[in-house]
Amino acid sequence: APASKMAALSGGGAPWRRGWLPALQLVRCGSKAVTRHWKAMHFQRQKLMAVTEYLAPRPAVPPRCLAPRKETLEEDNGYVRLLRRQVEEVFRDNRMIAVCQYNSMPGEDVVLMRHYLRKHNIEVKFVLNEIVRPVLSQSKYKNLLPLFVARNILLVSREAKAKEMLRVLKGVPQINLLGACIDDTILSRQGVENFAKLPLLEAAQGQTVGALALLPSQTSSLLQRGSAHLTALLDQHIHRLQAGETGSPAEPAPAQSSGAH
Amino acid sequence: KKMASKIRVVLRPVKSIVVRFCPFESNVESTRKFLGCINHKKIQATNRNCEVTADVRHDGSEPLVDVMFADGERLIMKGANLTTIEMLTALGSRCDAKELKEEQKSKKKSP
């Protein structure tokens, strides 16, 4: 069929008439040039595509023979630096820093808890571990490092109101107190509870002063006890003698007693 | 690799979960993440009566997860050498098994 077509269109050879269109157009597979399905390429086209496929250029030395490049992750964004500075400030300014584990809480509970803690001047800060860890490792709080795993929040305050904080946290079951750093002293959860049970600082100071002042106040009375006892005995004696004088004359008695001492 | 927060656990046959760990140790990461995942609202929503308690100690003991089931069975997972995903899948598979048993029981009772 292709041979007959070519013979008709070429004009050479011996057609019956010029411009002869074949009556039968034999078409294989019955589809047009542009189809909605993938159409198999003509064999010549297939061969051309196979020959002209892309071959990636290979480097002369394979990359694993060269020394490995150290990818410096120095992505110090301004934002990361700002967050680090904030964390450093927090650790410097506040007396009490408590680290708690944060399990997901409904939003209103978070707001309520923040409100109650704000009343006692305690701030709630959400922190990211990757920012806090380098700051801590360079400062003196190295022992707080193992605490910062999984989601955490920090409760920071200028005063050390452990009792109120514990009371609020008891009402929130999803926040677990892990540890605290109060006045540069690292405490565990038990330590915080004990700290909360301590009396106020002024009361403790007053108690200490009273206990210390008790002994010196006793010393002076102890030292004077001997002579005071003697004075009392003499007085008693004089009274008895005076009472005896009025009763019966006993003149040499006071001279005897004064002579004996 | 599956993310720990995508694992769904049906807590209906569970009565209570106690997670005990010592935060100053270094092997508590998976246990803490397990606690965080369990407190997710979707998993908590499957059973509102399940109490999840966290026991924070400082005595160097190893991290422990103690699960009490409603039929009296107890599952203890020592999290020192387990990953979060392993713990969640273990708990999840046991819960599913119990659910199936309960469904079969209820089907037998009410034919």
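## Chain B from end to end

Starting at the N terminus, chain B follows the order β-α-α-β-β-β-α. That gives three helices and four strands in total. The model you are looking at is predicted, and everything below describes that model.

Chain B has 111 residues, and 39% of them count as buried. Its exposed surface comes to about 6,600 Å², with carbon and sulfur atoms supplying 50% of that area. A good way to get a feel for the fold is to ask how far apart in sequence the touching residues are. Counting contacts in chain B between residues at least 6 apart in sequence, 73% join residues at least 24 apart.

## Where chain B meets chain A

Now turn to the place where the two chains touch. Chain B brings 15 residues to the contact, and chain A brings 17. Together the chains bury about 1,300 Å², of which 61% is on carbon and sulfur atoms. Three residues stand out on the chain B side: F24(B), R32(B) and V56(B) supply 49% of the area that chain B buries against chain A, more than any other three residues.

What about polar links across the contact? Five residue pairs are in polar contact between chain B and chain A, counting pairs with both residues at pLDDT 80 or more, while the number of salt bridges between the two chains is zero. Two elements of chain B each give two or more residues to the side that touches chain A, namely α1 (29–38) and β2 (51–56). Of the elements, α1(B) gives the most, with five residues. Sorted by class, this side of chain B holds six nonpolar, four polar and five charged residues.

## A closer look at the helix α1(B)

Is α1(B) mostly covered or mostly open? It is mostly covered, as seven of its 10 residues are buried. The buried ones are S30(B), T31(B), R32(B), F34(B), L35(B), C37(B) and I38(B). You have already met R32(B), one of the three residues that together supply 49% of the area chain B buries against chain A.

As background for reading such a list, an α-helix has 3.6 residues a turn, so residues three or four places apart point the same way.

## A proline in a loop

Next, find P63(B), in the loop between β2 and β3 (64–69) of chain B. Is P63(B) buried or exposed? Because its relative accessible area is 0%, P63(B) is buried.

Which residues surround P63(B)? Beyond its neighbours within four places in sequence, P63(B) is in contact with R20(B), F21(B), N27(B), V28(B), T31(B), M77(B), K78(B), G79(B) and A80(B). One of these partners, T31(B), is also among the buried residues of α1(B). For a sense of distance, P63(B) and E25(B) are 38 residues apart in sequence, with their C-alpha atoms 9.1 Å apart in space.

## Two loop residues of chain A

Chain A offers two spots worth a visit for their backbone angles. Most residues other than glycine have a negative phi.

N121(A) has a positive phi of about 65°, although it is not a glycine. You will find N121(A) in the loop between α4 (107–119) and β2 (122–127) of chain A. With a relative accessibility of 38%, N121(A) counts as partly exposed.

D183(A), another residue other than glycine, also has a positive phi, near 55°. D183(A) sits in the loop between β4 (175–182) and β5 (185–188) of chain A. Its relative accessibility is 40%, so D183(A) counts as partly exposed.

Terms used:
Residues are numbered from 1 along each chain as its sequence is written. Chains are lettered from A and ligands numbered from 1 in the order in which they are written. This is a predicted model: local features need pLDDT of at least 70, side-chain atom pairs count only at pLDDT 80 or more; totals for chains, interfaces and linings use all residues. Side-chain values use heavy atoms; hydrogens and water are left out. Buried means under 20% relative accessible area, exposed over 50%, partly exposed in between (1.4 Å probe, protein chains only). Contact means heavy atoms within 4.5 Å. Accessible areas come from the Shrake-Rupley method with a 1.4 Å probe; for residues, only the protein chains shown count as cover. Buried area is the accessible area (1.4 Å probe) that two parts lose on being put together, summed over both. A salt bridge is a side-chain nitrogen of Lys or Arg within 4 Å of a carboxyl oxygen of Asp or Glu. A polar contact is a pair of N or O atoms within 3.5 Å; within protein, one must be able to donate a hydrogen and the other to accept it, and residues adjacent in sequence count only if both atoms are side-chain atoms. Ala, Val, Leu, Ile, Met, Phe, Trp, Tyr, Cys and Pro count as nonpolar, Asp, Glu, Lys and Arg as charged, and the others, Gly among them, as polar.
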